[in-house]
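Me: I should like to go through the charged side chains of this protein one question at a time. Please reason each answer through before giving the value or name.

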Amino acid sequence: MIPKILVVGLGGIGSNLLELIIPALERCTLKAEVSIMDDDIVEVSNIGHQRFTIEDIGTSKALALSKRFGYCNNVEIIPIEEKLSDKSQLSGFDIVIVAVDRMTPRRIVHESTAAWLDLRCQGDGYIVLDYLTEKHKLQSIPSSENPTSCQIEGAIEFQNIEFGFAICATIGAQWVLQKVRMIYGYKTKTPNFRVGSISDGELIISEGV
């Protein structure tokens, strides 16, 4: 069975995740079908922390990234130029990664029967959740209905890029690669629940929270 993977959100986390996991799957000759979902187009404000170039500005994020990986023989990239708004959009996927800045798509993914991974960041902080995360930890994570950028407001104006998104993407790529290897019968494990920041290190949520 060829694993069917969906990546929801192609911003700082999602685009960098793809830059890591697609070449890794290709190099390891692990066949996979990777659908990439986002209804946004590339804007000037995306350059610098998202994996797009000046030439991509005005292009659909999903199309821009699908063309970049057109060289692959083992990984098929399928662009989906829409936002996640209904659980029916997750039908048929074995692995779902959500890397968006809104709670509604996250909740939809959490209700999925697929093996899911939820990646979040703000500034130099990061949160990694998956379908194996204990419920009390999942419920203890603060959430907001308002979209939140991975760059703290005003950061770029002060000539600063914060790299919490890069940690999320790296942990996420490791998680996805090991999950695919599991599907192919390898005995391995995925990274577990994590909360932390580049400056302060990993943060521990106690069992009593």
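Me: Is Lys137 buried, partly exposed or exposed?
Reply: The model is a predicted one. Lys137 has a relative accessibility of 13%. The cut-off for a buried residue is under 20% relative accessible area, so Lys137 counts as buried.

Me: With which residue does Lys137 meet in a salt bridge?
Reply: Side chains of opposite charge can pair when their charged atoms come close. For Lys137 the N to O distance in the salt bridge is 3.9 Å, and the limit is 4 Å. The partner is partly exposed, with a relative accessible area of 37%. That partner is Glu134.

Me: Which residues are joined into one network by salt bridges that share partners?
Reply: One of the salt bridges in this network is formed by Arg68 and Glu19. Arg51 and Asp56 belong to the network as well. The joined residues are Glu19, Arg51, Asp56 and Arg68.

Me: How far apart are the closest N and O atoms of Arg68 and Glu19, and how many residues apart is the pair?
Reply: The closest N and O atoms of this salt bridge are 2.7 Å apart. The pair links distant parts of the chain, with Arg68 in helix α2 and Glu19 in helix α1, residues 12-27. Arg68 is partly exposed at 26% relative accessibility, and Glu19 is partly exposed at 22%. The separations asked for are 2.7 Å and 49 residues.

Me: What is the N to O distance in the salt bridge of Arg102 and Asp101?
Reply: Arg102 counts as partly exposed, at 27% relative accessibility. Asp101 also counts as partly exposed, at 28%. Their side chains meet in a salt bridge with an N to O distance of 3.7 Å.

Me: How many salt bridges does the count come to?
Reply: The pairs include Arg102 with Asp101 and Glu134 with Lys137. A pair counts when a side-chain nitrogen of Lys or Arg is within 4 Å of a carboxyl oxygen of Asp or Glu. By this rule the count comes to six.

Me: Which side chain is joined to that of Asp118 by a polar contact of 2.8 Å?
Reply: Asp118 lies in strand β5, residues 115-122. Its relative accessible area is 0%, so Asp118 is buried. The polar contact of 2.8 Å joins its side chain to that of Arg120.

Me: Which residues form a negative surface patch?
Reply: One member, Asp39, is in the loop between β2 (32-37) and α2 (61-68). Asp39 counts as partly exposed at 39% relative accessibility, and patch residues need over 30%. The patch is formed by Asp39, Asp40, Glu43 and Glu82.

Methods
Residues are numbered from 1 along each chain as its sequence is written. This is a predicted model: local features need pLDDT of at least 70, side-chain atom pairs count only at pLDDT 80 or more; totals for chains, interfaces and linings use all residues. Side-chain values use heavy atoms; hydrogens and water are left out. Patches are made of residues with over 30% relative accessible area and no salt bridge: like charges are joined within 9 Å, nonpolar side chains (Val, Leu, Ile, Met, Phe, Trp, Tyr) within 5 Å. Accessible areas come from the Shrake-Rupley method with a 1.4 Å probe; for residues, only the protein chains shown count as cover. Lys and Arg count as positive and Asp and Glu as negative; His and the chain ends are not counted. The place of a charge is taken as NZ of Lys, CZ of Arg, CG of Asp or CD of Glu. Helices (H or I, at least four residues) and strands (E, at least two) are DSSP runs, numbered from the N terminus. Buried means under 20% relative accessible area, exposed over 50%, partly exposed in between (1.4 Å probe, protein chains only). A polar contact is a pair of N or O atoms within 3.5 Å; within protein, one must be able to donate a hydrogen and the other to accept it, and residues adjacent in sequence count only if both atoms are side-chain atoms.
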